[in-house]
Amino acid sequence: MHHGYTNVVGLGDSSTWRLPCLNRYVYMFLAPLSLPIVTPLVAVERLRKVELRTALRTLALISLGLYSHYWLLLNVSGFKSPRSALVCMFLTRSLLAHPYLHVNIFQHIGLPMFSRDTKPRRIHMMSLGVLNLPRLPVLDWAFGHSLISCHVEHHLFPKLSDNMCLKVKPVVSRFFHEKQLPYNEDSYLSRLRLFLSHYEELMVQAPPITELVGLQ
């Protein structure tokens, strides 16, 4: 839904990332620390909407992953107590929580939003509603090119690998410029400043709907 209906309100928008009850500094700098705890809980909650076999398989894999991490810390890394192992699990899973949350909002929120009835063609949704960040070695290694510097390409071709997204990036960029379509790019710090200065508008208020006359 997110790739097929990017920034279409109620279908592929990023509204699940909004928490209007939190102020800008709590959301941007403190809330990400809760992601290691919140993410498995959200995953389990969403399992109610899938068939039983898929839910059981997913729950088993989540449990296996968490327990494997815990077991390795106790039996291989030399942690002496369960408490210290759990604290280490939390800290290591929090290391990149801030950029993970930031990247997910930076690349869609604040860009044109569309309604179900007046959404433009898919190519226009992707060119207007997706943004690439510059290549950053740590984020590229942790999240992959598809989520950082090739997000436009990832939305156009969701099944392409990270490596292939990087290879087609110049072709996509050239095509967009030849067709006079927007190819959104911005820096991490620029987006961070934008969200801190316009937090109410971007993360609290309902987003304005963009209508492209003649392109529907």
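**View 1. V38 sits in helix α2 of this predicted model.** Is V38 buried or exposed? Neither extreme fits: V38 is partly exposed, because its relative accessible area comes to 34%, while buried would mean under 20% and exposed over 50%.

**View 2. V38 belongs to a nonpolar patch on the surface.** Its companions there are Y25, F29, L30, L33, I37, L41, V42, V87, F90 and L91, and together the patch has about 980 Å² of accessible area. Which helices chip in? At least two patch residues each come from α1 (24-30), α2 (35-46) and α4 (82-94). Helix α2 gives the largest share, with four residues.

**View 3. The largest pocket holds about 820 Å³ of space.** Some 29 residues line this pocket, and those closest to its centre are T16, W17, V42, R46 and Y100. V42 turns up twice in these views, as a member of the nonpolar patch and as one of the residues closest to the pocket centre.

**View 4. Helix α2 gives the most to the pocket lining, with six residues.** Helices α5 (97-106) and α8 (151-156) join in too, and each of the three supplies at least two lining residues. So much for the pocket; α2 also leads in the nonpolar patch, where four residues are its share.

**View 5. Residues 1-185 carry a domain label in UniProt.** The unreviewed entry places "domain: Fatty acid desaturase" on this span. Helix makes up 56% of residues 1-185 and strand 2%, and the C-alpha atoms at the two ends lie 23 Å apart.

Methods
Residues numbered from 1 in each chain as written. Predicted model: local features only at pLDDT ≥ 70, side-chain atom pairs only at ≥ 80, totals over all residues. Heavy atoms only, no water. UniProt positions renumbered as here; feature names shortened; annotations may be inferred. Patch = residues over 30% accessible without salt bridge, like charges linked within 9 Å, V, L, I, M, F, W, Y side chains within 5 Å. Areas by Shrake-Rupley, 256 points an atom, 1.4 Å probe, with all protein chains shown as cover. Salt bridge = Lys/Arg side-chain N within 4 Å of Asp/Glu carboxyl O. Buried < 20%, exposed > 50% of the residue type's maximum accessible area, 1.4 Å probe, protein only. 1 Å grid on protein atoms, 1.4 Å probe; cavity = no way out; pocket = protein on both sides within 12 Å on 5 of 7 lines; lining within 4 Å. Points joined across faces, edges and corners; volume = space filled by probe spheres on them.
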